[in-house]
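Visitor: I should like a close look at a single part of this model, with enough of the surroundings to place it. Please begin with the salt bridges and then turn to a place where two chains meet.

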Amino acid sequence: MKKFVFILLVGLLSVFAFSQVKNPDMIFDATLSEPDTLDPHHAYDTASGEVIFNVYDNLIAYDGGSMTDFIPMLSTVVPSVENGYLRDDGTTYVFPIRKGVKFHNGNDLTPEDVEYTFERGILYDPAAGPMWMLIEPIFGAFTVRDLVEEYVGASWDKIFDSKMNPTSKEYETALVNFYYDVIDPAIEVVGDEVHIHLVRPYAPFLNIICNGGGWGAIIDKEYSIQIGLWDGKAEGWWKYHGWTKEQSPLFDHAMGTGPYKLVEWDHAQQRIVLERFDGYWKGPAAIKTVVIQGIDEWSTRRAMLEKGDADIIAAPVQYLDVLKSMQGVTVIEGLPTVQITSLGFNWEIKPESPYIGSGQLDGNGIPTDFFEDENVRLGFAYAFDYEGMIDEILNGLGIHVPTALPEGFLGFDASLPKYTLDLEKAENYFRRAYRGRLWQQGFKMDVLYNIGNEERRVAAEILRDNLAKINPKFQVEVRGVQWPTYLDARENMILPVYIIGWLADFPDPHNFIFTYYHSQGDYGHYYGTKFVEFATLPRPEFGGKSLNKMIEDASLETDPYKREQMYVDIQKFVIDYALTLPLYQPLAIRVHRDWLKGYVYNPIWPGDYYYLYSK
Amino acid sequence: MTTYIIRRLLLLPLIILGVTLIVFSMSQLLGPLKLLSTYVDPNTYAKMSERDIQILMKQYGLTDPFPVRYGKWVKNLLKGDLGWSVVGKEPVLDALIHRFPYTIELALYALFPIIGVGIWLGVTAAVHHNSFIDQFIRIFALIGWSLPDFVWAILVLLIFYIGLGWFPPGNLSIWANQIVKSASFKNYTHLLTIDALLNGRIDIFWDALRHIIGPVIAISWLWWANLLRITRSSMLEVLRKDYVRTARSKGLPEKVVINKHARKNALIPVVTTAGQMVIGLLTGVVIVEMVFVRTGLGSFAATAAQQLDYASIMGVLLFTSLLLIIGNLIIDISYAIIDPRIRLG
Amino acid sequence: MLNNNEKPLLKVENLHVHFKTEDGIIKAVNGVSFELYPGETLAIVGESGSGKTVTALSTIRLLDENGWIEEGKIQYKDNDVLSLSDNQLRKIRGKEISMIFQEPMTALNPVFTIGDQIIESLELHLDMNKQEARRKAIDLLRKVGIPEPERRIDQYPHELSGGMRQRAMIAMALSCNPSILIADEPTTALDVTIQAQILELMKDLQKEFQMSIIFITHDLGVVAEMADRAIVMYGGEVVEAADIITIFKKPRHPYTWGLMNSIPRIDKDEERLLSIPGVVPNPLNFPKGCKFSNRCFFADEKCVEENPNLEEIEENHFSRCWHIDRMLREMHKVKEGER
Amino acid sequence: MSEEFKRTLKRFFTNPSALIGVTILIFFIIIAIFAPWIAPPKIPVNKNLEKARNLLENYSEENKYLIINELKNFWDDTYFFAEDDYIELSNLMETIAKFHNKEVSSNELKAHIKELTDYYILNITYYEKFDEETNKVIKNLKKEYNKIEKKYKESVISLNLINELEKIDGEEFVKQAIKVVSRFDKNFHEAIGFNPYIMPNVTTTRTPIPPSKEHPFGIVNQKDIFYGVIWGTRTAFEIGLVVVAISTVIGLFIGSVAAYFGGWLEEVLMRITDIFMSIPFMLAAMVLTTILGLGIKNMMIALIVFGWMVTARLIRGNILQAKNEQYVMAAKALGVSDFFIIVKHILPNTIFPVLINATMRIGSMVITAAALSFLGLGAPQGYADWGSILSYSRDWIIGGTNPTQYWFTILYPGIAMILFVIGWNLLGDALRDVFDPRMRH
């Protein structure tokens, strides 16, 4: 009996050992995260963007890996002043719509689909969505709510009751008229063309609509109405406005013209399955099936790559050596990215913050306005080991940048002074701070990072260790918290400093300079009201303009050369005052099996473009 | 007994209400902002404006006071709506239904070796009380009992996947998954191995089995330790009983004395443990599911907790508590069936 | 009734039984010898801890795992019990020598019906098939006086009353028609009225089945009722042995005498009862000399120093005491309460 | 009773598993106690004092003034403002005194405070909060004054010590200088308040480094595993003992109150126990830890909140049994108070099963805590804790180039943990054997 069991076991095990199947007709992409939503007008993250990118087409696209050259897609022409499709001093973009393009359900692409797409996106405009990027150039406001409030002349809460019904007949009429007067004229169908009118010339507009991440994706009008999206009518459009993402029927459905169609989104396994669309207007893709699965555990991803089960995996840089030693695996290092990891200061910490010790300059904490003192900021700036971080921790996969503007962007100037690790300099600044008292008293504070982000943890620890080297009385505790806690702390202005990254929405310096250095920027906003004073103060460096004004003007400047110069000036200024510490611009690594052919990298793409691949 | 069960059934809603109240009040310790941040993609949240935050708070009803929120939650619960699972990206109820079969399949497969071997080892140890075999089994149990499950699970993965290549992580191979998800494959029970057999797909059956053996090995030792300790001490106690002596005095062979007279009595307390184990397995596989990337309730709960996805947390806890309560009830009833002394009592 | 010419059915010689405990080795039985003749009832009398149960269990080697027979010889018919293989021993257990125990509740397996437990023996020893065995079991149950045996046979022990359980136990013990029945305090746990019924039943059955009984008890009243002969045990030793009349009429050991005087008797009009002072000494720590010396009314230094031998003081009457004479002299003084 | 106690002790010490268990635990206790000597923490040093010490080691006449210079620099960096601050605050105290005598208006006092805050002698909050909480501010100012005064006195003493040094030479100087340096060192350490439980980063590379002479257990995540394992012993004891002790006390309280008083109180308490028991322990602990925010303390709170029920039930059962026993009845009849009866008569007789249970739970609590750390919910990054070190190893052990390359990342903390848990389990096992009534003959 025992012998029999043994033989049976051996038999079973040998079956297990040899039952591996290779899949020449499939790509398995083991990623880190699952999409947030597949509604192109709601998705704002790269995981969602990657799927949308492969399922939908935009009017135009980037030419391969370039961030500046475009090629026509659903529009047969890339509008420019030269070819006459960019008109009215750069405020009207004309897109002739390609014929013979079919959606996955067999419907033909029409100019009406394009018009519907843009109007639906703008009217939908969910909170925390990406649609501001289109609304800003077309209407000059950030949200459709602002537009409505301005048009109707009443606040949103007054216009609508809690169930999103207009509170009066007049408001209802005004809302209907709003569509006819504001939205409808901005995007028009003229014959086979779609015209989009901007409120003023806006240089990055083509970058925005060409982004594969969603907001430029063209959806099928008929299908959309059928599954319950906006019905295309002016009456009651507001019922289709601002849903939460799970309310949108497009949350896990997709109907595009792209090279792949969505087969299924298996939430339990964080798995997306795409299948080749044989009727793709450019000709069908080489690979039949694409599986994108979120696998949180690194060891599992690695193992799957090693066994050939996964073709592409997301890999943290710390495992570079391991990956490089693997057989049959291609590792591409040092791919540029469009993001910056930085350390920001809170100039006005809320006194109830648990992270500032006693809240006083008594050696057991920091005062709430600690970082308003530029000596402190500069002391911190010279206490971080930028080169060491990049060389040792990131395995060389990072760029030491002077400000929070990534390399490759207009206005980037490598010759600008960069902060370096210089403990003596730092000591000098610290000795100056608070008239020398800081040096004597020392300080205690917490630096937080979000758990799971090892780079940020290490960065905080480097800062901690160096500060202690300068003066052992400078004590920093590095604390890991969960992302929600981290964001909550930032929102409540109780974080003394925060290490955080910014990923470009579109490749334009405005997207970084405004974010980081304008007092209303997404990050500048968190420097506190004391920073508002600072940023609105007229500056001799800017010929009497304030920092805020300078940033605003730079974004409107149409002459690229002048614009570049303005950005350089802004950067010089922010370096002198150490407004934020640009820790590094990360460089990406790419890991896939050798047999994957046709890989093209574009830093602004949300992910892989499987249409190009073969095996 | 019957009154006891009726009493328990009557208390059931009260206890469930208590569970939800405790779990829900824990959410009070989080501010609305933290709760909100779970609904939004982290990177998106970092880019959100003040106004976006206000709108979303309202949309998700996070500004309401605690009793209102709890009332809403209970009302929805009665309608069968457990809310939206951020982690699962689907309604919580669906998320639970989709993940539960994976856990239950794992638990079922783990159960046979655990109970079989556990009881066998326990009885063997007791019969050979204080002998070499007994000591060996005790040490085996002690180590299993003292072994942190995550360390052992990693070692199993290391040995059997990386080293030998036998038992890969995950639920199914990709090719098998394609077939399982296709229209031609009928899901009768949602348990992969059983469905595979019902569909006549031996290859998929093997594949599913291959994926389940690793976690089963990882779980087994720890639970063996538990079960065999109880079996052993129960058996030792029974072996001292008069009726065992009676059986011997009748001239019954030792095998019959142990396997018939002693074991049946010794297993009565073991049944309770084994029953609790079934429930325990359903909720205690968190670590193993995480390490082996199995998409069951455990890994769902862990991710939900890590990301503070409160709707999912509530759902999982409610669901598992229900399992626990009902499971215990079933144990009590089966206890009565096994032990004739209780039946009429 | 006593017939020395007849061959004894069971012969125990110089039995020594030891137990291993955490606190050391306990010498539970020290050199006990006795014989059991066919058809007779032998009572082994003593307080708990005197080694009487251990002696009985030893005869079929049914000791707990921490006990062993250190020395001695046990002969059943022509078999040397101590040298039998386990298999051979099992043929004797239950079939030739069977036992009933003190607590019918715990001695019966609670998870099997009484029928199961009787049938099991029958199948094992008498090679009966299920139906036959069941029929026989019902017969047996009827014989031991259980009403409605057809129904009772399928009941679990806890569904029966104490007396019924003991009857069932007896039925089980008698199922294979044994030559010896060892009854270990079979009536102690029962009500007085039930006790009498059970004893009556045992007597009847003894006649019917022609068997010998070893009756273990601390209750002299029961001994008087049942036994032909008695041995009195104390501290793992036999202190007195004789036929039943001799024991009662002429006890020749202070312990036996003490026991006699502690039974309430209706036939004698006595004011007070004597009881033996103190408790049975810890077996780890027996007195050096006579084991009863620390409780004995008549003990002197000699008793403390030296253990007397079991002497045959008259024919078939054995006693283990230095001071039988003194005891006879001073008995009445003790009775009158001069202590 | 004492005879019984002796027998119990004897039984305990002849039990092999008790002996092994106790040995293991004593081993860990020794490690925990001597952690600062076994794995000395790197306490930061003041540069001036370090230099002075180095110079003292190779003392020569020329060095004397260099040494004194370093000491003076240290004094400067530490006490430069002490005298000024003391004078300023003394003045302020006078103003406050005058203010109490109504010689000075509150605005004048406020202005005086403002002066001091401008020079960062005082925190700005004293000025800002002056109007709202005048009395509290004045009280705090007095405290501030006391602090400064203390510091000032220390500064004077320190300066005198340095000046004294200048007057002496040779051997005597070295002897005195060493004393002064040690004194300053002590003051310095007090001022910085060092936390040895944070494992320092010992390398810059993040790949694990195999054991070497300097780091006998190797390095993972830039941390010395040896340091972590040694100091982690303290963490393990802390988690195990504190969690089990507090949850047991809570359980004892609830269980005994429920059992003794009975009635509706018992009903309510036991239903609450049922409710808590219906929530799966691991999941509940996980959720509560995340909600409270990560960290050892919060994890312990979570483990306590969901860890008392077994004790409560156990003690309730035992008490219900004991309650009807004679000695309790007797005490009650004598009119002894309920509380006294519980504490004096019932608990001692029912506590052993609870103690045994508690001993056994210590090990499993440490495992649960480690599992939480493994999931990233327990000890903070860099905290000396076995579970955390094991969680570092998780990616490397499978993520390495070959499976055995990073064996040391899992081996040492793993063994420490398993041994620790085995120690407690053996002890618990032995206690159960010893107190098991069935073992008594």
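Guide: Over all chains, a search of the whole structure yields 58 salt bridges; the model in which they are found is a predicted one. An example within one chain is the pair Asp86(C) and Arg61(C), whose closest N and O atoms are 3.6 Å apart. This pair links distant parts of chain C, for 25 residues separate the partners. Asp86(C) belongs to helix α2 (residues 86–92), while Arg61(C) lies in the loop between α1 (52–59) and β4 (67–76).

The part chosen for the close look is the place where chains A and B meet. Five pairs of chains are in contact, and of these chains A and B share the most contacts. Chain A and chain C, by contrast, do not touch, and 26 Å separates their nearest C-alpha atoms. The interface of chains A and B brings 55 residues of chain B into contact with 64 residues of chain A.

The size of an interface is often expressed as the accessible area that is lost when the parts come together. For chain B and chain A, the area buried between them is about 5,000 Å², with 58% of it on carbon and sulfur atoms.

The polar side of the interface can also be described. Three salt bridges are counted between chain B and chain A. In one salt bridge, the side chain of Glu149(A) meets that of Arg51(B) at 3.2 Å, N to O. Nine residue pairs are in polar contact between chain B and chain A, both residues being at pLDDT 80 or more. On the side of chain B that touches chain A, helix α4 (residues 50–59) of chain B gives the most, namely eight residues. By class, this side of chain B comprises 28 nonpolar, 15 polar and twelve charged residues.

Residues of chains A and B also line an enclosed space. The whole structure holds ten cavities of 30 Å³ or more, and the second largest has a volume of about 100 Å³. From chain A its lining takes Asp36(A), His42(A), Tyr44(A), Ala127(A), Ala128(A), Thr244(A) and Lys245(A). From chain B the lining includes Tyr39(B), Val40(B), Thr44(B), Leu56(B) and Tyr60(B). Seven of the lining residues are nonpolar, three are polar and two are charged. The charged ones are Asp36(A) and Lys245(A).

Two backbone details complete the surroundings. Most residues other than glycine have a negative phi. Asp88(A), although not a glycine, has a positive phi of about 50°, and it sits in the loop between β4 (86–87) and β5 (92–96) of chain A. Asn14(C) likewise has a positive phi, near 45°, but Asn14(C) is found in a strand, β1 (residues 10–21) of chain C.

Terms used:
Residues numbered from 1 in each chain as written. Chains lettered and ligands numbered in written order. Predicted model: local features only at pLDDT ≥ 70, side-chain atom pairs only at ≥ 80, totals over all residues. Heavy atoms only, no water. 1 Å grid on protein atoms, 1.4 Å probe; cavity = no way out; pocket = protein on both sides within 12 Å on 5 of 7 lines; lining within 4 Å. Points joined across faces, edges and corners; volume = space filled by probe spheres on them. Contact = heavy atoms within 4.5 Å. Buried area = accessible area lost by both parts, 1.4 Å probe. Salt bridge = Lys/Arg side-chain N within 4 Å of Asp/Glu carboxyl O. Polar contact = N/O pair within 3.5 Å; in protein donor to acceptor, adjacent residues only side chain to side chain. Helix = DSSP H or I, 4+ residues; strand = E, 2+ residues; numbered from the N terminus.
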